[in-house]
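Here is a short set of exercises to work through with the model open beside you. Try each task yourself before reading the solution.

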Amino acid sequence: MAHVLTRRRLLAAGAGTATLAALGGLTARELSRPRPGPVPELPDAPSGDERLIRIRSAARNREVDFWTAVPEGYGDGRGLPVCLVLHGASATPRDFGRFGLARFLTDAVRRGAPPFVLAGATGGRLSWRRSGDDDPQRMVREEVPTWCARRGFDVDRTAVWGWSMGGFGALLLAETYPGWLRAVAAFSPAVRPGDAVFAGAARLRGTPVGLWCGRQDNFLRDVRALARALPEPPVRAAWADGRHNFAYWGTVIPDAFALLGAALDPPRP
């Protein structure tokens, strides 16, 4: 019963929000796509506590950028749940400020989404999978929550959001660790039938999944196929005009953040 109620709540949150080659499994067409494109139209909302630091990742065997954002009005974010951010192939956490992600977060909370924090680290171009001694997926599963816990964030409530290569990685993360994540939001995930995400789709049962993709995006057919392949209907499946860049992704961030906020609230008993 609790699961049914959660899915209904997420569906309601999504419906009520305005629609404002291969390398480690990454397809050649993904690497050949344009860079994320122009900065999206940003909401009229301030950034809260936004930080970008360098930190050593044992899982990746190198220093990485670690970025966090707290909605304005919630101080340092202590006690708030976490949405992990998995970037695409042509972005890093150093781009998150330019994309205005912290401003989108404040705007979502002001519009009624329960507050949460965003946290993301550099994953390289490995589709968020292990290659030799470089394991960005393990970094996200083990190290990023530890870094977040040191900041006082509530890592017992965690969701994940990613776009393009990061959308692939977000879905794969949820499949690899069933039951860990409260929700998955994927923008234009770089998936194709027969890949690891399709092969593991059954393991997404019980995890609310939201999918968004532009109608002019080359991944649209495959993302729609994934929506049909999921063991349960996605809580959100939205296809609107747009290409594979942040000019489109920025228009659907409010919808995704409303869903993620609802999934992360309230705390588990």
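**Exercise 1. Cysteines**

How many disulfides does the count come to in this predicted model? Then look up how covered Cys83 and Cys213 are.

*Solution.*
- Step 1. Look for cysteine sulfur atoms within 2.5 Å of each other. The count comes to 0 disulfides.
- Step 2. Check the surroundings of the two cysteines. Cys83 is buried at a relative accessible area of 0%, and Cys213 is buried with a value of 0%.

**Exercise 2. How far to trust the coordinates**

Find which stretches have a pLDDT under 50.

*Solution.*
- Step 1. Begin with the whole chain: the average pLDDT is 88, and 85% of the residues score at least 70.
- Step 2. Now go to the start of the chain. Residues 1–8 have a pLDDT below 50, and the model gives this stretch 7 contacts beyond near neighbours in sequence.
- Step 3. Move on to residues 14–36, where pLDDT also stays under 50. Here the model has 60 contacts beyond four places in sequence.
- Step 4. Read those contacts with care: where pLDDT is low, the predicted coordinates should not be read in detail.

**Exercise 3. Salt bridges around Asp134**

Which side chains meet Asp134 in salt bridges, and which parts of the chain are linked?

*Solution.*
- Step 1. Start from the total, which comes to 12 salt bridges.
- Step 2. Take Arg60, whose side chain meets that of Asp134 in a salt bridge of 2.8 Å, N to O. Arg60 sits in the loop between β1 (50–57) and β2 (62–69), and Asp134 in the loop between β4 (117–121) and α5 (136–150), so this pair ties together parts that are 74 residues apart in sequence.
- Step 3. Compare with the accessibility values. Arg60 is buried at 4%, and Asp134 is buried at 6%.
- Step 4. Add Arg62, which forms a salt bridge with Asp134 at 3.0 Å, N to O. This pair also links distant parts of the chain, with Arg62 in strand β2 and Asp134 in the loop between β4 and α5, 72 residues apart. Arg62 is partly exposed, at 36% relative accessibility.

**Exercise 4. Helix α4 and its end**

Is helix α4 mostly covered or mostly open? Describe what the helix packs against and the salt bridge made by Asp107.

*Solution.*
- Step 1. Go through residues 101–110: 8 of the 10 residues in α4 are buried, which leaves the helix mostly covered. Among them are Leu101, Phe104, Leu105 and Val109.
- Step 2. Follow those buried residues outwards. They pack against β1, β2, α3 (96–99), β4, β5 (154–163) and α9 (246–264).
- Step 3. Turn to Asp107, which is buried at 10% relative accessibility. Its side chain meets that of Arg111 in a salt bridge of 2.8 Å, N to O, while Arg111 is exposed at 60%.
- Step 4. Just after α4, look at Gly112, which has a positive phi of about 120°.

**Exercise 5. Nonpolar cores**

Which residues have the most contacts inside the largest nonpolar core?

*Solution.*
- Step 1. The largest core has 47 residues, and the ones with the most contacts inside it are Leu84, Met139, Leu171 and Leu211.
- Step 2. Helix α6 (residues 165–176) gives the largest share of this core, 7 residues.
- Step 3. Inspect Leu171. Beyond its neighbours within four places in sequence, its contacts include Val184, Pro189, Leu204 and Leu226.
- Step 4. Another core lies apart from this one; it has 34 residues, including Ala69, Phe96, Ala102 and Val252.

**Exercise 6. Aromatic pairs**

How are the rings of Phe116 and Phe257 arranged? Do the same for Phe246 and Trp249.

*Solution.*
- Step 1. The structure holds 13 aromatic pairs. In one of them, Phe116 and Phe257 are edge-to-face, at 5.7 Å centre to centre with 85° between the planes.
- Step 2. Place the two rings: Phe116 is in the loop between α4 and β4 and Phe257 in helix α9, 141 residues apart. Phe116 is buried at 0%, and Phe257 is buried at 0%.
- Step 3. The ring centres of Phe246 and Trp249 are 5.2 Å apart and their planes are at 90°, so this pair is edge-to-face. Both residues lie in helix α9, 3 residues apart, about one turn of the helix, and both Phe246 and Trp249 are buried.
- Step 4. Finally, ring pairs link a cluster that includes Phe116, Phe246, Trp249 and Phe257.

Notes
Residues numbered from 1 in each chain as written. Predicted model: local features only at pLDDT ≥ 70, side-chain atom pairs only at ≥ 80, totals over all residues. Heavy atoms only, no water. Salt bridge = Lys/Arg side-chain N within 4 Å of Asp/Glu carboxyl O. Helix = DSSP H or I, 4+ residues; strand = E, 2+ residues; numbered from the N terminus. Buried < 20%, exposed > 50% of the residue type's maximum accessible area, 1.4 Å probe, protein only. Core = buried A, V, L, I, M, F, W, Y, C linked by side-chain atoms within 4.5 Å. Contact = heavy atoms within 4.5 Å. pLDDT = per-residue confidence, 0-100. Phe/Tyr/Trp six-rings, centres within 6.5 Å; stacked < 30°, edge-to-face > 60°.
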